[in-house]
Structures are given as C-alpha cells and as structure tokens.
Amino acid sequence: MSSRADKDYLAWRQMIVRCTSKKCASYPRYGGRGIAVCERWTKSFAHFMEDMGPRPEGMTIERINNDGAYDQSNCRWATRIEQAKNRRSNILLEFDGEKHCLGDWAKKLGFTYFTLYWRYAIAGWSIRRTLTTPSRWAEPDKLWI
C-alpha cells in the first residue's frame, strides 16, 4: 500500500473505531452518543473510497450534520478550520439567508466575538438585534455591547 493509500485507509479505520469501539478514547463523543457508520462503509474500504474519493492533502472527514451518521450524504473532506466551524459547541446563526458561526459573523460585521456572544448567549437578544445593533465601543460612557 502506498503512503497515500495508507492515509486513506487510516481515515476510514479511525472513523469506524471511534464509532464502534468502547475502548477508543473518542467513543463517548461518537458511538457513545449514537453516531454510526453506514453499513456500506463499515463493510468495505473500497465502497468508502468509491463514495468519498481519496482524501485531499490537509483534509479530514467531516460530518455535515454533527448529529448524523457517517454516510455519503452527510460527509465531505474538510480542512481543520472548516471542521472547527462545525463543532457542536459553536453557535450557528442564520440571518437574511446566510448561516455562519458566531466568530464568522463577528469578522463579517466588524464586531468582537465576545460582543456577539454576550448579546445572543448571555443577554438573550434575538438574532436580528444581535447582528444589527451598532457597537457602542466608541462611546466610553455607554455599555460596551
């Protein structure tokens, strides 16, 4: 097996192990919470490769829906940065037809992450109010939200 094929096989094998082996340290976050690998992929590395293709350099397998199974309709190759934006702990907001994690909204709109986090997660503001209310950083006598 070539080095490239070794990496593809390793990605496939690790996916199965974290979903099926209670001895795996990652099992509680995968198999332990009901994440499974589709039967087609569990039975055959060749089927996995047929559906996903070779793993591009610098990418790992990602489930689009974090609560869904590993199967062709729910998986893609993604960079570590893309994967970090798809964590269960991220706050995803959809507004005016766009869906982004809180950090991306902050960059896009020129806010700090903490400002948006405070507004939405702590103060309980609506998505519209969180994303459209101007920041008051420039006014030192006002609340800094």
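Student: What covers the buried residues of α6 in this model?

Tutor: In this predicted model, the cover over the buried residues of α6 includes α5 (102-109) and α7 (127-132). The buried residues in question are T115, L116 and R119, within the helix that spans residues 113-122.

Student: What puts T115, L116 and R119 on the same side of α6?

Tutor: These buried residues of α6 cover an arc of only 90° around the axis, which puts them on the same side of the helix. After α6 comes G124, whose phi is positive, near 80°.

Student: Why is F114, which lies in helix α6, called partly exposed?

Tutor: The relative accessible area of F114 is 41%, and the term buried is kept for values under 20%, while exposed is kept for values over 50%. Since 41% falls in between, F114 is called partly exposed. Together with Y113 and I122, F114 makes a nonpolar surface patch of about 310 Å².

Student: Why is L93, found in strand β3, called buried?

Tutor: With a relative accessibility of 0%, L93 is under the 20% cut-off, and therefore counts as buried. Leaving aside its neighbours within four places in sequence, L93 is in contact with E98, K99, H100, L102, W105, Y120, I127 and L131. As for Q14, which is 79 residues from L93 along the chain, the C-alpha atoms of the two are separated by 31 Å.

Student: What makes the phi of D96 worth a remark?

Tutor: D96 has a positive phi of about 50° although it is not a glycine. Most residues other than glycine have a negative phi. D96 lies in the loop between β3 (92-95) and β4, and because its relative accessible area of 62% is over the 50% cut-off, D96 is called exposed.

Student: How do you know that E98 and K108 form a salt bridge?

Tutor: The side chains of E98 and K108 meet with 3.2 Å from N to O, and a salt bridge asks for a side-chain nitrogen of Lys or Arg within 4 Å of a carboxyl oxygen of Asp or Glu. The pair therefore satisfies the cut-off and is called a salt bridge. It links distant parts of the chain, with E98 in strand β4 (residues 98-101) and K108 in helix α5, ten residues apart. E98, at 30% relative accessibility, counts as partly exposed, and K108, at 47%, also counts as partly exposed.

Student: How many salt bridges does a search of the whole structure find, and what makes E39 and K43 one of these pairs?

Tutor: The search finds six salt bridges. For E39 and K43, the closest N and O atoms are 2.8 Å apart, which is within the 4 Å cut-off, so the pair is called a salt bridge. Both residues lie in helix α2 (residues 39-43), four residues apart, about one turn of the helix, and both are exposed.

Student: Why can the pair of D51 and R40 be said to tie together parts that are apart in sequence?

Tutor: The side chains of D51 and R40 meet in a salt bridge, at 2.8 Å from N to O. Because D51 lies in helix α3 and R40 in helix α2, the pair ties together parts that are eleven residues apart in sequence. D51, at 17% relative accessibility, is under the 20% cut-off and therefore counts as buried, whereas R40, with a relative accessible area of 33%, is partly exposed. Both belong to a network of salt bridges that links R40, E50 and D51.

Student: Why is G53 called buried?

Tutor: G53 lies in the loop between α3 (45-52) and β1 (60-63), and its relative accessibility of 15% is under the 20% cut-off, so G53 counts as buried. Leaving aside neighbours within four places in sequence, G53 is in contact with F48 and W77.

Student: And why is T60, in strand β1, called buried?

Tutor: T60 has a relative accessible area of 16%, which is under 20%, and T60 is therefore called buried. Leaving aside its neighbours within four places in sequence, the contacts of T60 are R55, R76, W77, A78, R80 and Q83.

Key. Residues numbered from 1 in each chain as written. Predicted model: local features only at pLDDT ≥ 70, side-chain atom pairs only at ≥ 80, totals over all residues. Heavy atoms only, no water. Helix = DSSP H or I, 4+ residues; strand = E, 2+ residues; numbered from the N terminus. Buried < 20%, exposed > 50% of the residue type's maximum accessible area, 1.4 Å probe, protein only. Contact = heavy atoms within 4.5 Å. Arc of directions from axis to C-beta. Patch = residues over 30% accessible without salt bridge, like charges linked within 9 Å, V, L, I, M, F, W, Y side chains within 5 Å. Areas by Shrake-Rupley, 256 points an atom, 1.4 Å probe, with all protein chains shown as cover.
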